[in-house]
Amino acid sequence: MFDDPNIIAGLEIGTSKICVVVGELGPDGVPNIIGIGQSRSRGVRKGEIVNPEQVEEDLRSALSVAEEMANVEIRSVYLGVSGGHIRGFNNRGVHTVVSADREITEDDVQDVIKNAKAINLPADNSVIHAVRQHFFVDGQDGVTNPAGMLGQRLEVDMHVIHGHVNRLQNAIRLVRGTQLEVDEIVFNGVASSLAVLTGDQKELGALVIDIGGGTTEFVVYSDGAIRHTGVLAVAGDHVSNDLAYGLKVPLSRAEKLKLEHGAAVVDPAAKNQTITITNELGLALNSINAEHLQRIMSLRLEEVFLLIAEELERAGLTDYLRAGVFLCGGSSRAPGIVALAENVFQMNVVPGKATAISGLTAALDQPEFATAIGLVKYGSLKKRQRVKRGAFMNTDAIKGMLSKILQRS
Amino acid sequence: METENLGSIAETFSPSMPAVKIFGVGNAGGVLLGALATPEFAGASFGAINTDAAALEAAPGTVKIHLENKLLRGLGSGGDPDRCRALAEEQFSTLKSACAGAEVVFIIAGLGGGAGSGISSVLARAAREAGALVLAFVSQPFECEGNRREQQAQGALEQLKAAADGVICLPNQRIFKLIDENTSVLDTFRVTGGFLVEGVRGVWQLISRPGLIQVHFADLCALLRDSHTESAFAFVEAAGPSRSREAVEKILAHPLFDDGRALVESDAVLVSLKAGRDLTMAEVNRVMEQIQRQCAHAKIIMGAAIDPEFKNRLCVTVFASKENEVAKPGPTRPETGALPIPASTRRSVMTDPGGRKRPVIKKAVQGQLPLTIVAKGRFDKSEPTLHRGEDLDVPTFIRRGLALN
């Protein structure tokens, strides 16, 4: 079937893998995952494209696998973006209601949001998301929808995520080069959190950490809205690199050792244990101390958590995370990572599963697909909104709804 | 007082005169030593140190130390200060014994080459260990002599500052402002050499010549000892009835003082006046008053001396020094008991603020210590992930200093 409006595809161009997830919108607007395609990624470092040709080749193979599995043709994708250049911050917009009867109209709401977005970004940066947090009407806190209320002074808190425009464009151009349309770009951390968190957890307050291959994204929700986002260009690749350096083995071997013997906390049983490395013929090459392997890995992962904990502490958000910490991304498969994170954050840590969506259970259980699944979810929310409101709203209003979607769902 | 301690030394020129040894290091040092070997410096003993046998032969001096090994074959060091430094370290005991018995050691050298840059700092250390107060008089190369010499000179100056009590530095490039454009190369070097000689003479006069206002050797020690400073100096001469005013004007506008800036920023100033018998107290007063006004924060030491040969002329030598912010502790000096210096008077003295440094255009580059080069593996060529000045691409266990055995 051509151009099925119910088909939504999410594309994540990651550092270790390129992943395409296809979802089908049910009659009730709930997406169901029907296909997944992935391939090794060779042209990406730290979440950013460094070799477009290679990426294009890998992307085509991932796409074909996904199309075959879902038995659909993918025309457009929601594209996940990441990289150390992406930053998030909170901003407040103010608007004075001028109408005679002091009733806040939809236009006033759009104006205050526009004011909140009018921020001093560096010249070559552009906004990826501007997420509404809360409205204030004459200083009254916690208003979620002020339209129709009476008031004089309308304020809104927004969380703005922005990135370097050229680097974002690189990914978009590349995808367009494969005859795919890009519906929208989505920050990977936002996508992961959509897949992992339920509405209750967003309301309670939660931290989602997506530790991938090249980058670690983290998103903090509290009172149902995004409070904080960030990217650290440190993740699984760094673990492999540390191991290669510390154990004096080639990078490919370090990668393999990480997967087979790695752990995020040093296992007491690993003390004085050695791992023998063999070549392809089964001959022993040299042996490696298992404790060292785990210690190097543990230090790196601990550092990532510490940096995030430090940043949240600075932002004063640590006490709002009542639902705990959710881990996803490929590196969150490391044994013992939950214990390590619990130790650093001193709170409940849950290995994240894409529970907020239905479909292939095999895919939903895998933490590394959280971003791509989240992209589908994002797309579905977007489409649902469009179907509901599209008949009588212009496109600007739709964009304005976007933040609301994130907040409510 | 100090005469009791010093009187026993045979070589002293006058009872209050400390034993002085003047060393010329390297080719430039040897040549300048020749210029110093005049009756005026009769009380001092001279020594020459070089790696080049031929140049050493030509230099005057009672003590000649030829630093040599098979590698050099008597041909000099080829402008390599590291080689000379190694050589000097090898002969450390020889240098130390050559300095034995001296209370003050002057080191005269031209920085930038091999011997001058390499040996001077080692000699300074040896002399300090032998118990002497070490003052180095050095010149820095002209800019046209090239980058390498400039860098070597800069490095040597730092080392010398750490090793010697005081370094008096003459940037040759500044001399250009003082000489005529048509001056020949030979004359230029003679002029720069002359300046250095004047510097030595200025200090020498302070401590050797009985004057109207005597500077005791103890004062100099109190000011300089263990201070590791560097200073700029200027030397002016004036004649005629308004000579004192003229001299002050010349000092304040002197290019070696960066048009007087060095004086304003200085922490200690040494003034040595010399004139004929007609020197009046009013003249001394006028000069000192002006200098004091310029450097309000500085500790000023002055001396005035009479030279019968100076008729109608007034000669003023000024050393301006700034406290050295990065004074490193040098080798500890064995207690000679000769001149106990109260700790309170041990002040840092001589660094020239703007006087020495040339404007160097620097690019903003992230500095990296040569010790900590860690291969970043696959992240070598990607943009570094910096977090509060820490490069997160470097393995964590290395940054945390974890030892794997």
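**Entry 1: a strand pair in chain B**

I began in chain B, where I found strand β9 (residues 268-275) joined to β11(B) by eight bridges, with the two strands running antiparallel. I note here that the model is a predicted one. Looking for a particular pair across these strands, I picked B:Leu273 and found that its bridge partner in β11(B) is B:Val316. I then asked how covered strand β11 of chain B is, and the count gave eight buried residues among the nine of the strand, which spans residues 313-321.

**Entry 2: two helices in chain B**

Staying in chain B, I looked up helix α4 (residues 81-90) and helix α6 (residues 115-129), which pack at an angle of about 35° with their axes 7 Å apart. The crossing of α4(B) past α6(B) is right-handed. Which residues of the two helices meet? From α4(B) I listed B:Pro81, B:Asp82, B:Arg83, B:Cys84, B:Arg85, B:Ala88 and B:Glu89, and these meet B:Ala115, B:Ser117, B:Gly118, B:Ile119, B:Val122 and B:Leu123 of α6(B). Sorted by class, this contact of α4(B) with α6(B) holds seven nonpolar, two polar and four charged residues.

**Entry 3: chain A as a whole**

Turning to chain A, I counted 12 helices and 19 strands. The chain has 409 residues, of which 49% count as buried. I also checked how far apart in sequence the contacting residues of chain A are: taking contacts with a separation of 6 or more, 69% join residues 24 or more positions apart.

**Entry 4: the sheet in chain A**

I next traced an open sheet of six strands in chain A, whose order is β11-β6-β1-β2-β3-β19 and whose pairing is mixed. Its edges are β11 (181-187) and β19 (358-359) of chain A, each of which pairs on one side only. Within this sheet I followed β1 (residues 7-13) and β2 (residues 17-25) of chain A, which pair in the antiparallel sense over seven bridges. For A:Leu11 I found the bridge partner A:Val20 in β2(A).

I then looked for helices against the sheet, and found that α3 (residues 165-177) of chain A packs on it, touching β1, β6 (76-81) and β11 of chain A, with its direction at about 155° to that of β6(A). Helix α4 (residues 188-196) of chain A lies across β1, β6 and β11 of chain A, and I noted that α4 runs at about 85° to β11(A).

**Entry 5: where chain A touches chain B**

How many residues does each chain give to the contact? I counted 19 residues from chain A and 14 residues from chain B. On the side of chain A that touches chain B, α6 (236-247) and α8 (290-315) of chain A each supply at least two residues, and the largest share, seven residues, comes from α8(A). By class, that side of chain A has eight nonpolar, four polar and seven charged residues.

**Entry 6: α6 and α8 of chain A**

Since both helices had come up at the contact, I looked at how they meet each other. Their axes come within 9 Å and cross at roughly 140°, which means that α6(A) is oblique to α8(A). The crossing of α6(A) past α8(A) is right-handed. Among the residues that meet are A:His238, A:Val239 and A:Leu243 on α6(A), and A:His292, A:Ile296 and A:Arg300 on α8(A). The residues of this contact divide into seven nonpolar, three polar and two charged.

Methods
Residues numbered from 1 in each chain as written. Chains lettered and ligands numbered in written order. Predicted model: local features only at pLDDT ≥ 70, side-chain atom pairs only at ≥ 80, totals over all residues. Pairing = 2+ DSSP bridges. Helix = DSSP H or I, 4+ residues; strand = E, 2+ residues; numbered from the N terminus. Contact = placed C-beta atoms within 7 Å. Axes fitted to C-alpha atoms, helices over the stretch in contact; angles between N-to-C directions. Nonpolar A, V, L, I, M, F, W, Y, C, P; charged D, E, K, R; others polar. Parallel < 35°, antiparallel > 145°, perpendicular 65-115°, else oblique. Left-handed = near helix turned anticlockwise from the far one by under 90°. Buried ≥ 20, exposed ≤ 12 C-beta atoms within 10 Å, placed from the backbone.
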